[in-house]
Amino acid sequence: MNFYVQETIKRYEDLFLQLHFDAIFPVPIHPKRRKKRGFNQAELLAQELGKSLHLPVCDSVLIRTINTLPLKTLSPDKRLKSLEKAFSFPPGYEDAVLPYRRVLLVDDIYTTGATMEALTRLLKSHGVKEVYVFSICIGQGL
């Protein structure tokens, strides 16, 4: 993961600093998937970016509550519909985003944007004013 972060910082550090992010939020994965995989690659990426940019990483504020089927088999519209209620906050964390007005949402891959859209809607509904997204890879939707 260090290679990706080093290259990201080389290319985008000035832009990231100009945007004055308050925090970084990794895209969460469902606990079953995390247990099976052993890690969340978006979280690892976010943590390394946070260290490099000296920003807090909010890796406990968002949770994935629904273990959706792999989205690669769904159309863009069905992906967004599948994710509408897939994310939330742990009990007691609903107000945890209040101090953050401008955040960077990090995932490993961006295919149709449904995951980022669902999380952006959730964050904005809880007071975040600006959500920027960053992914290492861009996939191709159906």
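The following paragraphs lead through the fold of this chain, from its overall dimensions to its sheet, its helices and a few individual residues.

The model is predicted. Its chain contains five helices and five strands, and from the N terminus on these elements follow one another as α-β-α-α-β-α-β-β-α-β. The radius of gyration is 15 Å, close to the 14 Å that the globule rule gives for 142 residues, so the chain is as compact as a globular protein of that length. Taken along the principal axes, the C-alpha atoms fill a box of roughly 35 × 35 × 30 Å.

Three further totals describe how the chain is packed and what it exposes. Of the 142 residues, 39% count as buried. Among contacts with a separation of 6 or more, 78% come from residues 24 or more positions apart. The exposed area of the chain is about 8,300 Å², and carbon and sulfur atoms supply 53% of this area.

The sheet is the next topic. Strands of a sheet pair through backbone hydrogen bonds, in either a parallel or an antiparallel sense. Here, three strands form an open sheet in the order β1-β4-β5, and their pairing is parallel. Strands β1 (23-26) and β5 (130-138) stand at the edges; each has a single partner strand, so one side of each is left without a neighbour in the sheet. On average, neighbouring strands of this sheet are turned by 25° against each other, direction ignored.

The pairings can be followed strand by strand. Strand β1 is joined to β4 (residues 102-110) by four bridges, and the two strands run parallel. Within this pairing, Ala23 stands opposite Val103 of β4, and Pro26 has Val106 of β4 as its bridge partner. On to the next pair: β4 and β5 are paired in the parallel sense over eight bridges. Val106 takes part here as well, with Phe134 as its bridge partner in β5. Val106 of β4 is thus a bridge partner of Pro26 and also of Phe134 in β5.

Two helices lie across strands of this sheet. Helix α1 (residues 2-19) lies across β4 and β5, and its direction is at about 160° to that of β5. Helix α5 (residues 114-125) lies across β1, β4 and β5, running at about 160° to β4.

What surrounds Val27, and is this residue buried or exposed? Val27 lies in the loop between β1 and α2 (31-37). With a relative accessibility of 4%, Val27 counts as buried, because the cut-off for that class is under 20%. Leaving aside residues up to four places away in sequence, Val27 touches Asn40, Ala42, Leu105, Val106, Asp107, Thr115, Met116 and Leu119. The C-alpha atoms of Val27 and Ala86, which are 59 residues apart along the chain, are separated by 12 Å.

Thr115, one of the residues that Val27 touches, is placed in helix α5. Its relative accessibility is 14%, so Thr115 counts as buried. Again not counting residues up to four places away in sequence, Thr115 touches Val27, Leu71, Leu83, Phe87 and Asp107. Asp107 therefore appears in the contacts of Val27 and in those of Thr115.

Two histidines deserve attention for their backbone geometry. His20 has a positive phi of about 50° although it is not a glycine. This residue lies in the loop between α1 and β1, and at 58% relative accessibility His20 counts as exposed. His54 is also a residue other than glycine with a positive phi, in this case near 55°. His54 lies in the loop between α3 (41-53) and β2 (63-64), and its relative accessibility of 71% makes it count as exposed.

The cysteines close the account. A disulfide is a covalent bond between the sulfur atoms of two cysteines. How many disulfides does the structure hold? The number is zero. Cys58 is buried, with a relative accessible area of 9%, whereas Cys137 counts as partly exposed at 39% relative accessibility.

Terms used. Residues numbered from 1 in each chain as written. Predicted model: local features only at pLDDT ≥ 70, side-chain atom pairs only at ≥ 80, totals over all residues. Heavy atoms only, no water. Pairing = 2+ DSSP bridges. Axes fitted to C-alpha atoms, helices over the stretch in contact; angles between N-to-C directions. Contact = heavy atoms within 4.5 Å. Buried < 20%, exposed > 50% of the residue type's maximum accessible area, 1.4 Å probe, protein only. Rg over C-alpha atoms; globule rule 2.2 N^0.38 Å. Areas by Shrake-Rupley, 256 points an atom, 1.4 Å probe, with all protein chains shown as cover. Disulfide = S-S within 2.5 Å.
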